[in-house]
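User: Please take a close look at the metal site in this model. I am new to this structure, so go step by step and then place the site in its surroundings.

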Amino acid sequence: MHGATEVPLKEQIKTKANEIFDEVVELRRDIHRHPELAFEEKRTSQLAANYLRELGYEVTQGVAKTGVVADLKGGKATATSKTIAFRADMDALPMNEENSHNFCSTKPNVMHACGHDAHTAMMLGAAKILASLQAELPGSIKFIFQPSEECAPGGAKLMLESGLFADKIPDAIFGQHCMPQVPVGKIGFLSGAMMAAADELYINVFGKGGHASAPHRANDPILAAVQIVNSLQTIVSRNFPPHEPAVLTIAAINGGSATNIIPNEVKMKGTYRTMNEEWREIGHQRIEEIVHATAKAMGVRAEIEIRKGYPAVVNDKNMTEFAIDLSREYLGEANTITPEPMMAAEDFAYFLQACKGAYWMLGVGNEEKGIVHNIHSTHFDIDEEALRIGTGFVSYLAMNFLSK
Ligand SMILES: [Zn+2]
Ligand SMILES: [Zn+2]
């Protein structure tokens with residue numbers, strides 16, 4: 001036998017992640033059984049607060065209604081040492097679960113179909129691992145448990161507005177999202193724009209109704225609406241550079257009631273999604289111009305409302321590369337992948353505007369086990385092996401970030 005050698009950090013963390021794996025699974029299942037909608041996460045946030053206090057974190061509750069913030073100062077922290085922040089979202093969705101496992105939602109029409117139960121459980125697990133290493137921590141840890149990711153204006157913005165980073169902006173912030181398209185065991189990282197800014201469009205077209213047999217005595221808002229829908233499609237195809245991702249979808253058209261009546265009015269709804277603020281603004285201008293000019297040309301009047309949603313999720317290049325390097329160490333080269341960008345939106349974007357950081361896609365899919373359903377599906381589920389990875393990797397990242 002050689003003398004006692006120090007166990008490498010990676011092995012230490014992996015052992016700790018294995019030791020608390022069952023507990024993290026139970027936390028996730030407990031939260032899954034008791035899902036709560038946006039800004040109603042009372043039970044979930046109380047559970048998190050109790051758990052974190054028990055571990056020795058300094059806990060603040062009621063940040064942006066149901067948000068929880070937990071701070072831990074490392075035993076080796078100094079006045080100049082770094083702070084790393086992690087965020088988990090806690091809210092569920094208004095839908096009925098159609099899974100058959102034994103920890104299904106106990107609430108009708110509320111379901112954790114976006115994995116926020118797992119996000120919360122993994123951050124609690126990581127908080128426990130890091131608390132066990134508190135004496136050696138050369139910096140501070142901040143865990144942010146956020147309400148309402150699914151409902152605009154979202155909990156992230158409200159937490160920031162209520163002074164989340166008023167005392168100190170963390171040196172970095174990271175977050176993760178369960179992704180069934182990524183196989184369990186892998187994590188996907190993307191530098192730069194990863195998810196889209198999503199804005200809602202509401203367009204009302206006002207014409208002059210009349211008998212369908214006499215269109216010359218009416219101003220047909222249906223034909224005008226159709227022209228507007230067609231013309232709007234030129235924004236992405238004719239105004240945007242081909243390499244700039246954007247989507248414009250008119251998803252609802254409502255107007256009219258019978259075969260022989262031209263209605264007075266048509267209402268439309270849609271979504272406009274972009275990856276950068278400049279093109280977001282240009283698009284808004286073009287939407288206004290096209291809607292009003294087309295309406296005028298068709299002899300009708302249009303009103304348009306653009307409700308701005310979350311901005312794009314833009315990962316910091318250095319922070320992403322830092323996380324990629326650590327993922328290669330922790331999970332291996334083959335398990336560190338580059339996913340395609342998504343045009344879905346996520347309010348982690350606001351944290352990335354306030355602080356350098358990165359968001360990653362945690363693989364939870366497993367075709368062999370039939371875990372293939374997308375987020376927001378009534379059959380959404382995760383391979384719980386992912387909890388071991390998410391918990392351990394967050395801890396490994398924190399230790400490395402603070403000591404480098
Ligand atoms: Zn979601
Ligand atoms: Zn989500």
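Analyst: Four donor atoms surround the zinc ion (ligand 1), and the angles they subtend run from 52 to 152°, which makes the arrangement irregular. A tetrahedral label would need all angles between 85 and 135 degrees. Keep in mind that this is a predicted model.

Which atoms are the donors? C114 gives its SG, E150 is listed twice with OE, and H376 gives NE2. The distances are 2.0 to 2.7 Å. Along the sequence, the spacing of these donor residues is C-x35-E-x225-H.

The zinc ion (ligand 1) has a neighbour. The zinc ion (ligand 2) is 3.2 Å from the zinc ion (ligand 1). C114 coordinates both ions.

Now take E150 and H376. This pair links distant parts of the chain, 226 residues apart. E150 sits in the loop between β4 and α5 (155-161). H376 sits in the loop between β16 (357-365) and α10 (385-403).

Are these two residues buried or exposed? E150 has 23% relative accessibility, so E150 counts as partly exposed. H376, at 40%, also counts as partly exposed. The cut-off for buried is under 20%.

E150 leads on to the largest pocket. E150 is among the residues that lie nearest the centre of this pocket, along with A198, R273, Y310 and A345. In total, 27 residues line the largest pocket. Its volume is about 600 Å³.

What kinds of residue make up this lining? There are 13 nonpolar, eight charged and six polar residues. Several strands take part. β5 (172-183), β8 (197-206), β12 (265-274) and β13 (301-308) each supply at least two residues. β8 has the largest share, with four.

Where does the largest pocket lie? Domain 1 (9-195 + 312-403) and domain 2 (197-308) both give residues to its lining, so the largest pocket lies between them.

There is also a second largest pocket, with about 420 Å³ of space. Its lining has 18 residues, and V69, D71, K142, L164 and D167 are the closest to its centre. β1 (58-63), β2 (67-73) and β4 (140-146) each supply at least two lining residues. β2 gives the most, four residues. By class, the lining of the second largest pocket has seven nonpolar, six charged and five polar residues.

To return to the start: E150 coordinates the zinc ion (ligand 1), and E150 also lies among the residues nearest the centre of the largest pocket.

Note on methods:
Residues are numbered from 1 along each chain as its sequence is written. Chains are lettered from A and ligands numbered from 1 in the order in which they are written. This is a predicted model: local features need pLDDT of at least 70, side-chain atom pairs count only at pLDDT 80 or more; totals for chains, interfaces and linings use all residues. Side-chain values use heavy atoms; hydrogens and water are left out. On a 1 Å grid over the protein atoms alone, a cavity is a set of points where a 1.4 Å probe fits but cannot get out, and a pocket is an open set with protein on both sides within 12 Å along at least five of seven lines; lining residues have an atom within 4 Å of a point. Grid points are joined across faces, edges and corners, and a volume is the space filled by probe spheres set on the points. Ala, Val, Leu, Ile, Met, Phe, Trp, Tyr, Cys and Pro count as nonpolar, Asp, Glu, Lys and Arg as charged, and the others, Gly among them, as polar. Domain bounds come from an automatic or database domain assignment. Donors are N, O and S atoms within 2.8 Å of the metal (3.2 Å for Na, K and Ca); water is not among the atoms, so sites may look incomplete. Four donors count as tetrahedral if all angles lie between 85 and 135 degrees; four count as square planar and six as octahedral if opposite donors are over 155 degrees apart and all others between 65 and 115; anything else is irregular. Buried means under 20% relative accessible area, exposed over 50%, partly exposed in between (1.4 Å probe, protein chains only).
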